[in-house]
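Let's take a walk through this fold, one piece at a time. Keep the 3D view open and follow along as we go.

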Amino acid sequence: MPETQTDYGAFFDEHGYLPGVAVLGTEELAVLRRNFDELESKIGKENAQYSLHNAHMQHEFAMQAAAHPTVVAVLRAILGPNVFLLDSRFICKYPVGQVSGAGPDVEPYVAWHQDVRYWGVDGGPVVSVWLAIDDADAENGAVYFIPGSHKNGLQQHGSAQKAGNMLTSNQEIPSELVDESKKVLCPLKAGQMSLHHGLTVHASEPNRSSRRRCGFVL
């Protein structure tokens with residue numbers, strides 16, 4: 001993990017992701033979490049888990065998080081001075097069994113995939129940000145990256161055969177194309193962010209803890 005913003009670009013170019021960047025202070029995190037918790041209580045967990053597109057256009061607290069000076073500065077260190085926001089959303093992975101949309105024996109997970117496969121972006125550098133509202137770790141389904149996979153171009157995607165894939169198009173890179181021996185877990189403390197290239201192969205496992213794992217995604 002690089003120690004300064006001047007090193008972020010080089011690390012990101014080599015590995016295709018950047019872990020554990022501190023963003024929110026204690027009070028900033030409390031405000032973001034309180035506002036999201038209120039939104040979650042209004043719309044319910046089933047709607048809160050993946051369907052909140054363009055949250056920054058609807059909620060001022062989301063816009064403030066998206067435009068946080070640290071978020072913008074790190075993105076500029078990676079992408080250069082001209083940065084625009086394509087989308088934002090909250091993604092929540094609840095403990096197995098808490099969301100009624102899944103069957104009793106189904107564990108929600110995210111299959112191996114690349115973001116640009118379904119973003120509709122043709123060319124140019126694209127970066128995804130996960131700003132952690134809750135701690136994320138192996139137990140509650142933090143993301144795994146395949147370092148350097150962004151250098152291999154767009155991979156073949158098919159439909160996931162295993163039930164519970166949270167991706168809206170049920171897309172999945174076939175297992176024979178993913179070397180899981182190279183996967184790296186990216187745990188985060190609430191208030192930290194990770195960033196990854198749109199071509200970086202990544203996935204996350206079911207939340208088998210008793211804790212929510214929620215993030216604000218740009």
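What follows is a tour of the sheets, the cores, the cysteines, the pocket and a few single residues.

Bear in mind from the start that this is a predicted model. A good place to begin is the six-stranded sheet, an open one whose strands come in the order β1-β10-β5-β12-β3-β2, with antiparallel pairing. At its edges you'll find β1 (17–22) and β2; each has a single partner strand, so one side of each is left without a neighbour in the sheet.

Now move inward to β12, which covers residues 213–217. How many of its five residues are buried? The count is five of five, so strand β12 is mostly covered by the definition of buried, under 20% relative accessible area. Look at the two faces in turn: R213, G215 and V217 are buried on one side, and C214 and F216 are buried on the other.

β12 has a partner in β3 (residues 89–93), and five bridges join these antiparallel strands. Within that pairing, F90 sits opposite F216. β12 also pairs with β5 (residues 127–132), this time through three bridges, and again the two strands run antiparallel. Here W130 is the residue that faces V217 of β12. Carry on across the sheet and β5 is joined to β10 (residues 192–197) by five bridges, also antiparallel. If you want a landmark in that pairing, take S128, whose bridge partner in β10 is H196.

Several of these strand residues turn up again in the packing. The largest nonpolar core has 36 residues, and the ones that touch the most other members are L18, F36, F90, M193, L195 and F216. Another core lies apart from it, with 15 residues, including I91, W130, A136 and V143.

F36 is worth a closer look. Setting aside neighbours within four places in sequence, F36 is in contact with A48, L52, F61, F90, C92, I133, R212 and C214. One of those contacts, L52, lies in strand β2 (residues 52–53). Is L52 buried or exposed? L52 counts as buried because its relative accessibility is 16%, and the cut-off for buried is under 20%. Beyond residues up to four places away in sequence, L52 touches F36, L39, I43, N47, S88, R89 and F90. The C-alpha atoms of L52 and F216 are separated by 10.0 Å, though the two residues are 164 apart along the chain.

There is also a second sheet to find. This open sheet has four strands in the order β4-β11-β6-β9, and the pairing is antiparallel. The edge strands are β4 (110–113) and β9 (184–185), each with a single partner strand, so one side of each has no neighbour in the sheet. β9 is joined to β6 (residues 143–145) by two bridges, and these strands run antiparallel. In that pairing, Y144 stands opposite L185 of β9.

On to the cysteines. How many disulfides does a search of the whole structure find? The result is zero. Take C186 as an example: the closest cysteine sulfur is in C214, and at 16 Å from the sulfur of C186 that is too far for a bond, because a disulfide needs the two sulfur atoms within 2.5 Å. C186 counts as buried at 3% relative accessibility, and C214 is buried too, with a relative accessible area of 0%.

Next comes the largest pocket, with a volume of about 1000 Å³. It is lined by 45 residues, and W119, V127, S128, V129 and L218 are the closest to its centre. Which helix gives the most to this lining? That is α6 (residues 69–79), with five residues.

Staying with helix α6, find R76. Its relative accessibility is 47%, so R76 counts as partly exposed. R76 touches P81 and V83, leaving out residues up to four places away in sequence. The C-alpha atoms of R76 and G9 are 9.0 Å apart, with their positions 67 residues apart in sequence.

Last stop is N170, in the loop between β7 (158–159) and β8 (171–172). Its phi is near 55°, a positive value in a residue other than glycine. With a relative accessible area of 27%, N170 is partly exposed.

Conventions: Residues numbered from 1 in each chain as written. Predicted model: local features only at pLDDT ≥ 70, side-chain atom pairs only at ≥ 80, totals over all residues. Heavy atoms only, no water. Buried < 20%, exposed > 50% of the residue type's maximum accessible area, 1.4 Å probe, protein only. Contact = heavy atoms within 4.5 Å. Core = buried A, V, L, I, M, F, W, Y, C linked by side-chain atoms within 4.5 Å. Pairing = 2+ DSSP bridges. 1 Å grid on protein atoms, 1.4 Å probe; cavity = no way out; pocket = protein on both sides within 12 Å on 5 of 7 lines; lining within 4 Å. Points joined across faces, edges and corners; volume = space filled by probe spheres on them.
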